[in-house]
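Here is a quick walk through a predicted model. Have it open as you read, and start on the surface before heading inside.

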Amino acid sequence: MQLTRKQASIIFVMLFYFSLVTWSVIGTVNSALPIGVHGDTPLTDFWYIQMGGPHDSLLLDTVMMVVMTNIGAFWFIYIKNNKSFYHVQARIGYKTFLQEAASKSFLSAFFLSIATKLYELLVIVLLTKRLPSNTILPVGARYGLGPFYDNTLLSFAIFVLLSSLGWGAYAVFIFALGLFIKKNSIYLVLGAVLGTVLITGIALFATFNLNLSRVLYMLLPSTLIAPGQLQFGIFNGHSPNVYLSFLIATLIYAGSAVLLFHLWREHRKVRE
């Protein structure tokens with residue numbers, strides 16, 4: 001069976017993506033970190049490679065933001081920007097077009113995020129030749145102060161679920177922004193560029209105004225896609241309420257996406 005160009009492109013991107021994930025995991029497991037916490041549990045190594053961790057890869061983070069925001073949405077952006085496909089939107093209606101695009105954007109990012117994190121843990125287990133112990137670590141031996149670092153599989157599962165929901169919400173938000181962008185090439189990097197600008201900008205701003213930075217913390221993409229991982233010292237060594245922060249961030253991004261959908265539909269109606 002001959003693959004279509006779209007199918008071949010997806011396979012190539014996935015091979016590149018998971019090869020990069022594998023490289024990041026191998027680098028972490030083989031790193032010369034102090035004996036004690038590192039290596040005692042595969043879950044600790046897992047936290048090291050998440051966004052904001054000691055062995056977080058900027059390259060992997062950037063590629064993830066590109067892949068997650070394009071894997072389910074780019075085809076719809078391509079249709080929207082290609083005049084020869086204009087009849088598709090007109091035939092099914094703008095509302096249906098947006099609903100289908102948003103659902104595929106969300107579900108693609110959601111399930112790819114779950115697959116990525118399970119794959120990361122699997123590679124760690126294979127390399128370290130030990131299974132997660134599920135033994136609660138004492139506070140002093142944990143990776144951080146957040147609620148997920150106690151070394152239990154339940155905490156791991158909750159983080160994976162929240163992070164994947166966050167990736168889905170972020171992908172839908174980027175798609176909503178992309179409705180107003182006419183260049184496919186710009187949309188390809190929109191998620192990574194916006195994510196990097198927001199994270200860098202808020203991190204720099206934290207050095208000038210901590211109180212306002214705590215409010216802007218809700219706008220950080222990492223609050224959605226890596227709950228509790230990136231804090232930039234905003235909370236003076238304390239961990240914020242990760243669940244409340246995640247909920248507020250989700251409402252902000254999801255609400256913004258709905259507003260953008262409405263504005264785009266109204267803009268299309270005016271043009272007609």
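Ile-248 is partly exposed, because its relative accessibility is 31% and the partly exposed class lies between 20% and 50%. Ile-248 sits in helix H11, which covers residues 242-271. On the surface, Ile-248 joins Leu-219, Leu-244, Leu-247, Leu-251 and Ile-252 in a nonpolar patch, and together these residues have about 490 Å² of accessible area.

Now for the overall picture. The protein chain has 11 helices and 0 strands, so along the sequence you just read α-α-α-α-α-α-α-α-α-α-α. Of its 272 residues, 46% are buried. If you take the contacts with a separation of 6 or more, 72% of them link residues 24 or more positions apart. The accessible surface of the chain is about 13700 Å², and carbon and sulfur atoms own 69% of that.

On to the inside. The largest nonpolar core counts 69 residues, and Tyr-17, Trp-167, Tyr-170, Phe-175, Leu-224 and Phe-261 have the most contacts within it. Helix H7 (residues 153-178) is the top contributor to this core, giving 13 residues. Take Phe-175 as a case: leaving out residues up to four places away in sequence, its contacts include Ala-73, Phe-76, Ile-77, Phe-97, Leu-98, Ala-101, Ser-105, Tyr-187 and Phe-261.

Helix H3 (residues 58-70) is worth a look too. At 1.5 Å a residue, its 13 residues should span 18 Å, and the C-alpha atoms at its ends are indeed 18 Å apart. Which residues of H3 are buried? They are Leu-60, Asp-61, Val-63, Met-64, Met-65, Val-67, Met-68, Thr-69 and Asn-70. Among the elements covering them are helix H1 (5-29), helix H4 (74-81), H6, H7 and helix H8 (184-205).

Last comes charge pairing. Side chains of opposite charge can pair when their charged atoms come close. The chain has 1 salt bridge by the rule used here, and it joins the side chains of Lys-104 and Glu-100, with 3.3 Å from N to O. Both residues belong to helix H6 (residues 94-128), and because they are 4 residues apart there, about one helical turn separates them.

Here are the partly exposed residues discussed above, side by side:

| Residue | Relative accessible area | Class |
|---|---|---|
| Ile-248 | 31% | partly exposed |
| Lys-104 | 40% | partly exposed |
| Glu-100 | 34% | partly exposed |

Key
Residues numbered from 1 in each chain as written. Predicted model: local features only at pLDDT ≥ 70, side-chain atom pairs only at ≥ 80, totals over all residues. Heavy atoms only, no water. Patch = residues over 30% accessible without salt bridge, like charges linked within 9 Å, V, L, I, M, F, W, Y side chains within 5 Å. Areas by Shrake-Rupley, 256 points an atom, 1.4 Å probe, with all protein chains shown as cover. Salt bridge = Lys/Arg side-chain N within 4 Å of Asp/Glu carboxyl O. Helix = DSSP H or I, 4+ residues; strand = E, 2+ residues; numbered from the N terminus. Buried < 20%, exposed > 50% of the residue type's maximum accessible area, 1.4 Å probe, protein only. Core = buried A, V, L, I, M, F, W, Y, C linked by side-chain atoms within 4.5 Å. Contact = heavy atoms within 4.5 Å. Expected span 1.5 Å × (residues − 1).
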